[in-house]
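Reader: Hello! I am new to this structure and would love a close look at one part of it, the metal site. Could you walk me through that part and then show me what else there is to see?

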Amino acid sequence: MSRPRIGLTLDADAERGRYELRAGYVDAVLSAGGLPILLPHAPQAAAAYLALLDGLVVTGGAFDVPPELYGEARRKECGVTKPERTAFEKDLLEAALAARLPVLGICGGMQLLNVVRGGTLYQDLAADAGLSGHEQPAPKDAPSHEARVAPGTQLASLVGAGPLGVNSTHHQAVKDPGAGVLVAARAPDGVVEAIELPDLPFALGVQWHPEAVLRHEPRHAALYRGLVEAARDARR
Ligand code: MN
């Protein structure tokens, strides 16, 4: 059986002149039966990339979505931004959603999925909402809190409804869900941990890193399998 082509957005280290991607993303796509396609940031190339792809993973990284994209001025607690990377990912993600291409957003990728639908983010969970406990110490891949998966969601069809142990390496989170954005899981403190777009065949975002935590909790592999299966369906 042929492998659906799954695009993965890259991080950029401008100082060292390098693109970077944690190998766990690639391994998770391969294990799920997909063919990973790494996507250097190319302005105006979203349509050309999309023509190559059957599915898309918008990855995370140690940076924040520029608050101007959700109509807020930047506050001091907002972290470093990578406007060129985000501009590329936004173009690609919007084009993928318009084409009904299966999409999985991870961490910052989930936050961007909410923002492109007109949603907003907490610029900093501690400063904006008085919430802590979402930036775990090392090891970063171990489950550190629960996500409660809502019954009847696409996420529940993949990992089961109810409590799921997740890792947590974020200081921002979804505040107001965007148009057509369904909250599919929350942490016990109420923080949004997963969203999905029920108007599309497969558009899911998780605040945790399934490709990292799956070595502790194998249920997380179902997220990548779900993406690859949806990509296979989309190709038909
Ligand atoms: Mn969390």
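Author: Happy to help; what follows starts at the metal site and then moves on to a helix, the cysteines and a pocket. Please keep in mind that this is a predicted model.

Let us begin with the manganese ion. Which residues coordinate the manganese ion? They are H134 through ND1, H145 through NE2, S168 through OG, H170 through NE2 and E193 through OE, at 2.3 Å. If you follow the sequence, the donor residues are spaced H-x10-H-x22-S-x1-H-x22-E. Take two of these donors, H145 and E193: H145 belongs to strand β8 (residues 145-149), while E193 belongs to strand β12 (residues 192-196). The pair therefore ties together parts that are 48 residues apart in sequence. Is H145 buried or exposed? H145 is buried, with a relative accessible area of 15%. E193 is buried too, and its relative accessible area is 0%.

Now for the helix, α3, which runs over residues 83-98. At 1.5 Å a residue, its 16 residues should span 22 Å, and the C-alpha atoms at its ends are 22 Å apart, so the two values agree. The buried residues in α3 are R85, T86, F88, E89, L92, L93, A96 and L97. Because these residues cover an arc of only 160° around the axis, they sit on the same side of α3. On the face turned away from that buried side you will find the exposed residues P83, E84 and A98. After α3 comes R100, whose phi is positive, near 60°.

Next, the cysteines. How many disulfides does the structure hold? The answer is zero. For C78, the nearest cysteine sulfur is that of C107, 14 Å away. A disulfide needs the two sulfur atoms within 2.5 Å, so C78 and C107 do not form one. C78 is buried, with a relative accessible area of 4%, and C107 is buried as well, at 6%.

Finally, have a look at the largest pocket, whose volume is about 750 Å³. Its lining has 30 residues, and the closest to the pocket's centre are R22, G61, A62, T169 and H209. Which elements give two or more residues to this lining? They are α1 (23-31), α4 (108-116) and α7 (210-213).

How values were computed: Residues are numbered from 1 along each chain as its sequence is written. This is a predicted model: local features need pLDDT of at least 70, side-chain atom pairs count only at pLDDT 80 or more; totals for chains, interfaces and linings use all residues. Side-chain values use heavy atoms; hydrogens and water are left out. Buried means under 20% relative accessible area, exposed over 50%, partly exposed in between (1.4 Å probe, protein chains only). Donors are N, O and S atoms within 2.8 Å of the metal (3.2 Å for Na, K and Ca); water is not among the atoms, so sites may look incomplete. Helices (H or I, at least four residues) and strands (E, at least two) are DSSP runs, numbered from the N terminus. The expected span of a helix is 1.5 Å times one less than its number of residues. The arc is that of the directions from the helix axis to the C-beta atoms. On a 1 Å grid over the protein atoms alone, a cavity is a set of points where a 1.4 Å probe fits but cannot get out, and a pocket is an open set with protein on both sides within 12 Å along at least five of seven lines; lining residues have an atom within 4 Å of a point. Grid points are joined across faces, edges and corners, and a volume is the space filled by probe spheres set on the points.
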